[in-house]
Amino acid sequence: MPGEDFGIRPAAQEDLPALLALYRHLNADDPEIPTDIAAERFTEITAQSGITVLIGLSGEALTSSVTLVVIPNLTRGGAPYALIENVVTHLDYRKRGHARALIRHAFASAWQQGCYKVMLLTGSKDPATLAFYEGCGFTQDKTGFQIRRPPGT
């Protein structure tokens, strides 16, 4: 469990510099996004109905984040479904329950919005990471596929 000073809330525009710094702990090799483009993308993200970037804070420090995407649906009686993406915790705050608390918060939000399931994909093969997600309640009982944009297109 995170400490008493841990809180969760949706990210706001003023959180963007700290959020971008946190994302370096997710994909250190990603090219840095220029500040103006990052601000534009963040505005687009927060303007989209159904997308919430949740952040975990220990005091004033932004320690962790997840993105929850709730998608309307025409099957399952119209019940939406959700995706969790960009799960990251700052290296200095790992193994303190921050990501688990954020994921549980995302689940609660998805259930409150009527979602019938929440999905998450990970590229990690690390047994500890997979065990973490299973410990959060995810089951590995589906087959995931992806395709990435070919270079130059």
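Okay, let's start with Ser64. Leaving aside neighbours within four places in sequence, Ser64 is in contact with Phe6, Leu22, Leu54, Ile55, Gly56, Val88, Thr89, His98 and Leu102. Bear in mind that what we're looking at is a predicted model.

So where does this serine sit? Ser64 is in strand β3, residues 61-71. Its relative accessibility is 0%, so Ser64 counts as buried. Its side chain also makes a polar contact, at 3.1 Å, with the side chain of Thr63.

Now zoom out to the strand. Eight of the 11 residues of β3 are buried, so the rest of the structure largely encloses it.

Which strands pair with β3? On one hand there's β2: β2 and β3 run antiparallel and share eight bridges. These two form a hairpin with two residues between them, and Gly59, in the turn, has a positive phi of about 65°. If you want a pair to click on, Ser58 stands opposite Ala61 of β3. Then there's β4, which is also antiparallel to β3, with seven bridges joining them. A pair to look at here is Thr67, whose bridge partner in β4 is Glu85.

Staying with β4 for a moment, have a look at Asn86, which is in that strand, residues 81-89. Its phi is near 55°, a positive value, and this is not a glycine. As a reminder, most residues other than glycine have a negative phi. Is Asn86 buried, partly exposed or exposed? Partly exposed, because its relative accessibility is 28%.

Lys95 is another non-glycine residue with a positive phi, in this case near 65°. You'll find Lys95 in the loop between β4 and α3. With 84% relative accessibility, Lys95 counts as exposed.

That loop takes us to helix α3, residues 98-112. Does its length add up? Let's put that properly: what span should α3 have? At 1.5 Å a residue, the 15 residues of α3 should span 21 Å, and the end C-alpha atoms are 21 Å apart, so the two agree.

Which residues of α3 are buried? They are His98, Ala99, Leu102, Ile103, Ala106, Phe107, Ser109 and Ala110. Those buried residues pack against β1, β2, β3, β4, β5 and α4. Two of the names should ring a bell, as His98 and Leu102 are among the contacts of Ser64. After the helix comes Gly114, with a positive phi near 85°.

Next up is Lys117, in the loop between α3 and β5. What is the nearest side chain of opposite charge to this lysine? That's Asp141, but it is 8.7 Å away; Lys117 is buried and has no salt bridge. For a salt bridge we'd need a side-chain nitrogen of the lysine within 4 Å of a carboxyl oxygen. As for what does surround Lys117, leaving aside neighbours within four places in sequence, its contacts are Pro80, Tyr81, Ala82, Trp111 and Lys142.

Last stop, helix α4, residues 127-135. At its start, a side-chain oxygen of Asp126 comes to within 2.9 Å of the backbone nitrogen of Ala128. On the far side, α4 is followed by Gly137, whose phi is positive, near 115°.

To wrap up, the picture I'd keep is β3, antiparallel to β2 and to β4, with the buried residues of α3 packing against those strands, among others.

Notes
Residues numbered from 1 in each chain as written. Predicted model: local features only at pLDDT ≥ 70, side-chain atom pairs only at ≥ 80, totals over all residues. Heavy atoms only, no water. Helix = DSSP H or I, 4+ residues; strand = E, 2+ residues; numbered from the N terminus. Buried < 20%, exposed > 50% of the residue type's maximum accessible area, 1.4 Å probe, protein only. Polar contact = N/O pair within 3.5 Å; in protein donor to acceptor, adjacent residues only side chain to side chain. Contact = heavy atoms within 4.5 Å. Lys, Arg positive; Asp, Glu negative; His and termini not counted. Expected span 1.5 Å × (residues − 1). Pairing = 2+ DSSP bridges.
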